[in-house]
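Me: I am new to this structure and would like a close look at a single part of it, taken slowly. Please begin with one small detail, build outward from there, and then say how the surroundings compare with what you describe.

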Amino acid sequence: MTEGTPLTYFLILGTIMFFIGIYGFLTRRNLITILMSVELILNSVNINFVAFNKYLYPDKLQGHFFTLFIIAVAAAEAAVAIAIIINIYRNFNSINVEDADEMKY
Amino acid sequence: MNILSLFVIIPLITMFSLMLTKGFKQARLVAAIGMGIQLIMAVVLVFMYLHERNTGNTQEMVFYDSSMWFPSLNITYTVGVDGIAVAMIMLTAIVVFAGIFASWDVQFLTKEFFISLILLASGVFGFFICLDLFTMFLFYEVAVIPMYLLIGLWGSGPKEYSAMKLTLMLMGGSALLLVGLLGIYFNSNPGGTQLTFNILSISKIVIPMSAQHLFFPLTFVGFGVLGAMFPLHTWSPDGHASAPTAVSMLHAGVLMKLGGYGCFRVAMFLMPQAAHEMGWIFLILTTISVVYGAFGAIAQKDLKYINAYSSVSHCGLVLFALLMMNKTTMDGAIIQMISHGLMTALFFALIGMIYGRTHTRLINEMGGLMKVIPFLAVVYVIAGLASLGLPGLSGFVAEMTIFVGSFQHPDIFHRICTITACASIVITAVYILRVVGILLFGPINNEHHLHLTDAKWYEKTSTVTLVLAIAGIGLAPLWLSNMIGDSLGPIMTQLSNAF
Amino acid sequence: MSNFNYTLFIVLIPLAMFLLLGLQGHKFKKLSGILGTTGLGIAWILSLITAYQYFFVYGNVGGVFKPMLAYNSVWLQMTETLHIDMGILLDPISVMMLVVITTVSFMVHIYSNGYMKDEQGFARFFAFLSLFTFSMLGLVIATNIFQMYIFWELVGVSSYLLIGYYYQKPSAVSASKKAFIVTRFADLGFLIGILLLSFNTKTFDFISLTDIHGPAIACGAGASFLGLSVMTWSLIFVFMGGAGKSAMFPLHIWLPDAMEGPTPVSALIHAATMVVAGVYLVARLFPVYAISAPQGLEVVGYVGCFSSLFAAVIACTQYDIKRVLAYSTMSQIGYMMVGLGVSHYGGEEGLGFMASMFHLFTHAMFKALLFLGAGAIIHAVHTNEMTEMGGLRKYLPITHITFLIACLTIAGIPLLSAFFSKDEILTAAFHNNKLIFFVQLFVAGLTAFYMFRLYFRVFWNKEPHYHHTPHESPLTMTIPLMFLAVCSIFAGYIPFSQFVTSDSKPFESVMEMGIAIPSVVVGLFGILIAFVMYKKETTLPDRISTGFSFFYKWAFHKFYFDELYLFVTKKIIFRFISRPVAWFDRHIVDGTMNGISAVTNYVSFQIRGFQSGQLQQYAYVFVSGLVGLALVILYAFVK
Amino acid sequence: MGLEQYLLMRHELVLTLITLIILIAELCIKGDNSRKIRPFAIILFFIATVVGFLPLGEGSLFGGMFQTNGMILIMKNVLNIGVLIIFIQSYTWLGNEENKIKVSEFFLLMLSTLIGMDFMISSGDFLMFYIGLELATIPIASLAAYERTKTKSAEAGIKLILSSALSSGIMLYGISMLYGTTGSIYFSEVAKSLHSSNLQTLAFIFFFSGMAFKISIVPFHLWTADVYEGAPISVTSYLSVISKGAAVFIFVIMLFTVFRAMTAMWQDVLYITSVLTMTIGNLFAMRQKNLKRFLAFSSISQAGFIFLGMIGGNELGMTSVVYFMLIYIFSNLGAFGVVSAIANRTGKENRDDYDGLYLTNPKLSLLMMIALFSLAGIPPVAGFFGKFFLFTAAAKGGFYMLVLIGVLNTIISLYYYLLVVKAMFINKSETPIQYFKSDGYTRLGLIICFAGIVFTGLFSFVFEYIRVYAFGV
Amino acid sequence: MSGNQFMFYLFGAVIVIFSILAVTSRKILRAAVFLLFVLIATSGLYFMLNYQFLAAVQLTLYAGGIVVLIIFSILLTSHISEKFEPIKPQKSIFSALAAIIGAVLCIITLLDYNFKAGNAIAADLDMTVIGKALLSYKYDGYILPFEVISILLLAAMIASIVIAKKIKK
């Protein structure tokens with residue numbers, strides 16, 4: 001089941017994914033792609049939780065359930081975010097993040 | 001209720017009454033009545049105090065009263081006065097009273113003006129009656145902050161800049177002070193559990209030296225800023241120059257005294273060991289203040305600047321005297337505070353009145369005013385003479401006490417400082433006479449000034465009150481000196497134990 | 001012991017007059033002169049009574065004039081031992097001074113009623129005169145050095161006010177300022193001297209200070225500094241104060257300018273009374289000087305000697321009659337200083353002390369006379385310049401006679417008062433310091449010369465064209481002249497050594513003909529030269545002055561001392577200290593404060609880029625901040 | 001587990017109930033009458049606030065997922081007071097024509113975020129904490145974008161939701177590592193297993209950055225100003241006091257309980273960030289012209305001061321933090337109240353517009369001044385006491401240097417507060433804002449703030465009351 | 001290499017590669033599809049770890065729900081054929097730098113930590129256990145978060161409506 005693949009592999013995988021998500025967040029111009037990057041980040045966290053739960057504390061399902069709830073929250077968050085993005089699109093006629101800089105300094 | 005609390009309550013009542021007034025005539029009347037009562041109360045307090053002492057009350061502080069405010073931090077509202085505080089209260093009452101009359105003419109937002117002014121005064125009164133570091137600090141800041149509006153709204157010249165600078169620098173001082181006070185607080189009970197802000201309790205213990213080394217300078221400099229200690233005095237010239245008459249009076253006359261009083265009552269009283277060890281640093285600074293302020297005054301052209309620098313010099317002398325740390329100089333320092341308070345208030349009052357007539361404060365643009373406004377001119381000369389230490393007026397008493405006392409210090413370094421400071425009396429004479437000569441004497445060099453009117457009754461009230469006080473101290477200093485001297489016992493014990 | 005309580009009124013009456021006239025004077029108008037004069041008259045009579053009672057009734061106890069405290073109360077307690085008292089000390093010199101001051105002051109008051117008649121601020125003038133008299137009286141009766149200092153300052157202020165009486169005249173204003181500041185500077189020395197003295201002796205009190213058996217004098221052997229004992233230093237400092245008030249070189253520069261004041265003021269303050277305060281001060285502390293600090297006394301002597309010579313030389317070249325008199329005053333005070341300087345303590349050794357006091361006394365009379373006479377002349381011709389005068393003897397007969405008497409007196413003509421006093425100073429000098437003696441002898445000649453130069457120029461010589469015929473002054477002015485002339489003549493016959501001596505024990509003084517004769521000869525010689533040069537208009541003075549042109553020029557310009565002082569005050573103090581200080585304050589100290597706020601503002605402006613409005617930049621800062629924080633916490637704060 | 005035990009969740013239950021009532025009411029009210037929902041909601045919430053003050057014991061529910069005690073109760077009540085004021089203050093604004101179709105939604109969203117905050121504060125494990133946090137954030141983002149015709153509002157919404165998503169992602173990563181190293185998501189168990197290893201430190205910092213984002217701590221603060229400026233004023237005030245307050249409360253609880261074992265480490269973190277926050281917040285606030293933006297930066301710098309109270313880790317610190325938050329709510333809402341009163345009437349939000357305000361609207365100016373002085377910490381108004389006790393708490397922990405930096409920063413802050421005072425009182429204006437009379441609700445809100453600002457400090461029982469329940473590390 | 005290991009490497013490679021592609025692709029719809037692959041691969045990992053329920057949720061909610069939502073919104077707001085402009089190199093370099101430093105820091109710290117597997121017996125993972133846990137109010141029961149998240153979802157719904165709601169004319 002888990003033999004042969006150490007825990008750290010999962011964690012490294014999670015970390016890499018996390019920072020790819022971060023990179024995406026920092027560089028993508030399109031608001032929707034930024035949102036996608038956020039999903040990547042959340043997903044990497046999920047991997048962490050699951051891996052920890054499985055490898056270290058399999059007697060309880062805390063990581064498992066945490067992941068479950070993160071997915072649910074992520075869905076809600078994505079829904080609202082997309083609503084706002086669409087609203088932005090209506091206002092700016094663009095969903096380029098760099099256009100949303102009316103307020104600064 | 002404790003009589004001392006009245007000194008805060010009366011101003012508060014006056015302020016509330018002012019809010020209800022309509023029109024500037026009502027407002028100034030209410031203010032005058034309120035502060036008149038306050039002045040009477042101050043006189044009564046003096047007599048009550050003397051009576052207490054005569055009837056054998058040997059408590060460190062009389063009319064002592066303490067009530068808990070924030071029990072968990074042991075913050076109390078503690079009041080009590082000794083001779084020094086009584087003297088300072090008296091000074092404040094006089095100056096505020098004179099200030100109200102000096103600003104009789106204010107017609108722009110009169111109500112607000114007097115409210116701010118009295119708020120300031122109530123802060124000062126509160127500061128003097130309190131014996132709890134927290135409440136002292138609270139009142140201290142209450143006294144400082146109305147300055148901003150007072151200068152900014154009713155001032156002249158670059159008032160906004162000056163007001164901001166003054167407020168920020170004074171608040172900077174209080175920032176240092178705050179840290180110092182907290183430091184004292186947390187070291188106020190070594191080994192014990194209950195910390196205290198009460199000055200009397202703290203004075204009973206010895207704050208650890210490591211803490212003193214840290215917090216003495218903070219506290220001293222914190223108060224020193226308000227006492228216009230070199231090089232943190234630069235708020236003073238600009239601030240005073242821009243402030244309206246009564247505010248300059250109150251500020252230079254009373255508020256700057258909070259600095260000296262605080263240095264004395266908090267920094268040195270509570271941390272005598274550090275005062276001994278580190279006093280020399282500040283002694284150098286204050287000696288510089290004394291001479292520097294005087295020299296600075298010579299080169300000025302604006303009357304208020306001259307007086308502001310003169311205040312730097314005179315207030316420097318207060319701190320200087322405190323740092324000499326013997327009974328005589330301490331006595332002298334307090335008298336100097338009172339004396340300077342009165343005469344600088346008088347100066348500012350006069351400058352305001354002259355400015356109100358001539359619309360200039362540059363001495364070069366005026367001349368020969370003695371001819372047209374003899375009353376004000378004569379009083380100006382009296383103020384000048386008081387400032388340069390003429391016997392028979394208060395300045396002399398203070399300066400001489402300080403010099404004689406300082407000279408009792410056998411250390412050569414202190415001697416040199418003393419003699420340097422003594423030199424200021426000549427420099428003072430130079431700038432005072434220069435101003436008097438140009439401003440009042442000589443021919444009238446501006447034809448607009450030919451038809452000025454002399455002082456009105458309220459202006460006379462204001463100035464005469466101050467002149468009387470100045471002359472009173474100058475002619476019969478003994479009672480004041482004794483009243484102060486009797487109260488110097490505890491701090492002298494503190495300081496001598498510190499050796 | 002007698003009850004001398006009434007002496008308090010001598011002091012208080014002038015004070016009351018000052019307050020009355022000062023505050024309400026404008027209501028009295030002309031009456032104020034009479035009020036002031038009456039007040040002073042009462043004080044004068046009381047002083048005379050005091051003198052009589054002290055010298056002849058109560059003072060002399062067992063052959064010694066004991067000092068008496070007529071009144072004393074603590075005014076300010078400084079330390080346990082040091083307290084300033086206010087009191088009245090009566091001893092020979094103070095009583096003598098009381099008489100001198102009230103006499104001259106009374107005369108000046110009377111005189112002023114006439115002289116100042118048409119002035120604005122008539123009441124103010126009398127108020128100030130009263131103030132001055134009060135202060136001066138307070139000074140002389142001081143029981144302790146600090147009381148003296150207090151009144152010393154007051155005297156200075158009244159002098160300031162009186163010099164600046166014509167406050168609309170710029171020259172008067174600057175003269176008054178100068179007088180005050182210079183004496184103030186000297187007073188700084190006085191103050192430091194007091195501080196040093198009181199620190200060493202633990203007392204301000206004159207009686208304990210001058211008690212020759214007391215602990216104070218014994219302090220003299222204390223620590224030394226630069227070769228002189230601390231006591232000597234302190235007394236030298238004290239003398240600095242005295243030198244300032246008494247216009248001794250180099251602090252003399254204010255005195256000639258002080259002549260800007262009304263002439264009666266010059267007579268009272270700048271000739272007869274205030275300027276001798278320095279002499280009085282040294283005399284007050286004489287036992288301390290003589291016993292503890294003989295070097296200090298030497299300094300006094302040399303300073304006095306030099307000043308008298310210096311002033312006499314300048315006096316020979318001046319044309320303003322009041323200035324001539326001013327330099328003459330300076331020169332004469334130099335004499336008094338010399339007298340003290342060459343004196344010792346006790347008995348006949350103290351001849352110089354006695355002589356000095358004697359000269360002070362006579363000088364007050366004749367110098368007041370001279371000034372009042374000069375005032376009368378000025379009153380008549382409305383100018384101070386002697387070049388615009390001449391031949392006045394026929395217009396001003398009384399003035400002429402009294403002035404002549406005064407001139408003769410100052411020249412040391414025998415049988416007139418100054419002859420005796422000056423002669424005794426010379427005697428004392430001869431016995432103690434030959435150098436000083438010869439210098440003083442020479443000065444005596446010069447004195448005679450310049451006084452008669454003045455006399456001849458004014459009363460004889462060629463008559464210029466007057467705008468209107470000069471006329472004799474009213475009685476109010478001539479009566480004081482006549483009275484003072486009488487005093488000048490006869491004051492010399494008072495047996496001074498019977499009353500005023502260094503140790504308060506009377507002794508017999510004898511005239512030494514070996515000294516008297518040369519001095520008279522020298523004086524006559526001086527008169528002769530003046531007669532030759534100035535009796536009629538000749539070109540002789542011009543020729544002589546061109547002959548010694550360099551020296552003459554220097555002397556005429558008062559050896560450029562004014563310029564030197566001007567240089568020091570204007571250039572050094574104002575331009576090189578005050579201006580830079582003010583500049584430093586504005587630009588460096590204040591600049592630092594403003595700089596702090598400017599830097600804050602600048603930084604605030606510079607970092608605004610962080611808030612670019614770009615969401616991704618925010619995130620970038622977020623992430624890098626997070627990483628940075630983690631790095632710092634994990635690796636910088638090593639646990 | 002009896003039913004009465006569920007009363008421990010009283011705040012949450014009552015709020016949920018109100019939410020449902022409003023939801024139903026919304027369905028019942030027809031068309032244009034939706035404005036009537038405003039007084040109804042306010043009264044309901046007022047009842048909820050009062051109910052919140054009823055005494056209650058402490059305990060935990062749901063196996064430790066929900067916990068409450070006196071301190072938590074106080075915190076919730078403080079938040080309730082703030083929300084009540086905000087509801088009152090937003091009354092006028094909600095009456096605007098463009099908002100009238102979504103009045104009840106405003107209340108629903110506000111209340112649901114408040115429920116989220118209450119759960120967050122009461123949470124006993126990271127899961128509840130996380131869900132509470134999200135519940136407190138997501139609806140707010142849509143509220144920020146509430147005025148959907150305004151571009152600024154939309155921009156504020158997107159900036160808020162995306163940044164908060166990023167921050168919660170980062171925070172979750174930290175939580176996952178905490179879970180990995182301690183084996184539990186329950187606070188009590190996590191606290192026992194913490195031992196300051198590098199990984200846990202790193203986890204804490206990740207977690208911290210998420211919290212810091214909510215509290216607006218530099219360098220995680222950059223969203224604040226833009227969102228505050230763009231969002232409607234009611235939402236801005238909600239964000240600046242309630243959201244921030246809730247985050248502060250839970251953070252202080254977690255620091256003192258969960259991360260107790262790592263005290264030395266988080267003190268370093270707090271030290272660095274609080275210095276940065278105070279300073280940078282002030283430096284930015286100095287130059288702001290728009291008052292909402294200005295208050296945003298000022299609130300950033302205030303957050304730095306709040307850390308001063310936490311850093312000592314003592315019960316005094318907790319007391320002073322809660323106390324300060326209460327005062328801060330009054331002061332900041334007072335300031336926002338004035339800004340919103342004026343903005344509603346004139347649409348003006350810039351400092352320059354306020355020139356000469358005192359002459360035309362003296363009461364508003366005075367209240368604004370007092371509120372600003374309270375924010376700056378000038379006696380005798382309450383802010384002074386709040387700040388003083390924060391400093392005291394830090395000094396008690398021995399952080400004198402930090403206190404000094406803090407008080408020096410108050411001077412800078414005083415500078416910019418005074419700039420506003422100067423505009424209102426000193427500056428002259430050709431076209432000042434004309435005199436106007438605010439409606440009753442606005443005035444009520446301002447009076448509550450005024451009373452709070454003046455009396456919270458002077459009467460010590462508030463402080464002492466909080467103090468009773470406070471605890472330290 | 002066991003099958004499990006192989007699966008891990010496979011899924012790992014898919015996740016990493018498609019993650020990178022998802023955040024760098026210049027065509028937005030492709031990016032969404034790459035994201036879908038990542039999410040599916042993640043659910044594969046869950047399967048591999050025997051968390052079937054979770055994997056199912058991941059597939060349905062994440063891959064099925066969110067990605068669809070995203071794709072809808074893409075269709076609403078973008079032209080499919082549109083290509084993004086390339087990112088400014090400066091921006092991408094600095095971002096990459098930050099990400100790499102962060103990743104390295106995290107990985108080093110993770111590797112540094114000595115994870116100790118407990119000897120606890122793995123819980124049974126059938127649906128009843130999960131269902132009971134979700135509805136339990138005892139320790140390790142998740143009824144409360146379950147309820148609260150329902151509020152959250154309700155709020156999110158209202159939130160979306162608020163933004164989308166139009167003023168009736």
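**A hairpin and its neighbouring helices**

Reply: In this predicted model, C:V74 stands opposite C:D85, a residue of strand β4(C). That pair belongs to a larger arrangement, in which strand β3 (residues 68–77) of chain C and strand β4 (residues 83–90) of chain C run antiparallel and are joined by eight bridges. The chain passes from β3(C) to β4(C) by way of a hairpin, with five residues making the connection.

Helices come before and after this hairpin in the numbering, and it is worth following them in turn. Helix α1 (residues 7–28) of chain C packs against helix α2 (residues 31–58) of chain C, with their axes 9 Å apart and an angle of about 180° between them. Because of that angle, α1(C) is roughly antiparallel to α2(C). On the side of α1(C), the residues that make the contact include C:F9, C:I10, C:I13, C:M17, C:L20, C:L21 and C:F28, while α2(C) contributes, among others, C:L31, C:L35, C:G36, C:G39, C:L40, C:I42 and C:L46. For reading such a list, it helps that an α-helix has 3.6 residues a turn, so residues three or four places apart point the same way.

After the hairpin comes a second pair of helices, α3 (residues 92–115) and α4 (residues 122–140) of chain C, whose axes cross at roughly 175° and come within 9 Å. The angle again makes the two roughly antiparallel, α3(C) to α4(C). Where they meet, α3(C) offers residues including C:M97, C:L98, C:I101, C:T102, C:S105, C:V108 and C:H109, and α4(C) offers residues including C:F122, C:F125, C:F126, C:L129, C:T133 and C:M136.

To place these parts in the whole chain, chain C holds 25 helices and six strands, and its C-alpha trace spans about 110 × 65 × 55 Å along the principal axes. Of its 639 residues, 64% are buried. Among the contacts in chain C with a separation of 6 or more, 79% are between residues 24 or more positions apart.

Chain B offers a second hairpin to set beside the one described above. Here strand β1 (residues 62–70) of chain B pairs with β2(B) in the antiparallel sense over six bridges, and B:S67 is placed opposite B:Y77 in β2(B). Four residues lie between these strands, and in this hairpin B:N74 takes a positive phi near 60°. Strand β2 (residues 75–81) of chain B is mostly covered, since six of its seven residues are buried.

Further along chain B, a cis peptide bond with omega of about -5° joins B:F230 and B:P231, and B:P231 lies in the loop between α9 (209–226) and α10 (235–242) of chain B. Helix α11 (residues 245–270) of chain B has 26 residues and reaches 36 Å from its first C-alpha to its last, close to the 38 Å expected at 1.5 Å a residue. This helix, α11(B), bends by about 35° at B:H251. Since 26 of its 26 residues are buried, α11(B) is largely enclosed by the rest of the structure.

Two neighbouring residues later in chain B show how burial can change along the sequence. B:T358, which is found in helix α14 (residues 327–358) of chain B, counts as buried because its relative accessibility is 9%, where the limit for that word is under 20%. Apart from neighbours within four places in sequence, B:T358 is in contact with B:M366, B:L369, B:H449 and B:L452. B:H359, by contrast, is found in the loop between α14 and α15 (369–372) of chain B, and with a relative accessible area of 60% it is exposed. The phi of B:H359 is near 60°, a positive value in a residue other than glycine.

A positive phi appears in chain D too, where D:F62 has a value of about 55° although it is not a glycine. D:F62 sits in the loop between β1 (59–61) and β2 (66–68) of chain D and, at 8% relative accessibility, counts as buried.

Finally, some words on the assembly: eight pairs of chains are in contact, and of these chains A and E share the most contacts. Chain A and chain B do not touch, their nearest C-alpha atoms being 24 Å apart.

Technical notes:
Residues are numbered from 1 along each chain as its sequence is written. Chains are lettered from A and ligands numbered from 1 in the order in which they are written. This is a predicted model: local features need pLDDT of at least 70, side-chain atom pairs count only at pLDDT 80 or more; totals for chains, interfaces and linings use all residues. Side-chain values use heavy atoms; hydrogens and water are left out. The expected span of a helix is 1.5 Å times one less than its number of residues. The bend at a residue is the angle between axes fitted to the seven residues ending there and the seven starting there. Buried means under 20% relative accessible area, exposed over 50%, partly exposed in between (1.4 Å probe, protein chains only). Two strands pair if DSSP finds at least two bridges between them. Axes are lines fitted to C-alpha atoms, for helices over the stretch in contact, and angles run from 0 to 180 degrees between N-to-C directions. Angles under 35 degrees count as roughly parallel, over 145 as roughly antiparallel, 65 to 115 as roughly perpendicular and the rest as oblique. Contact means heavy atoms within 4.5 Å.
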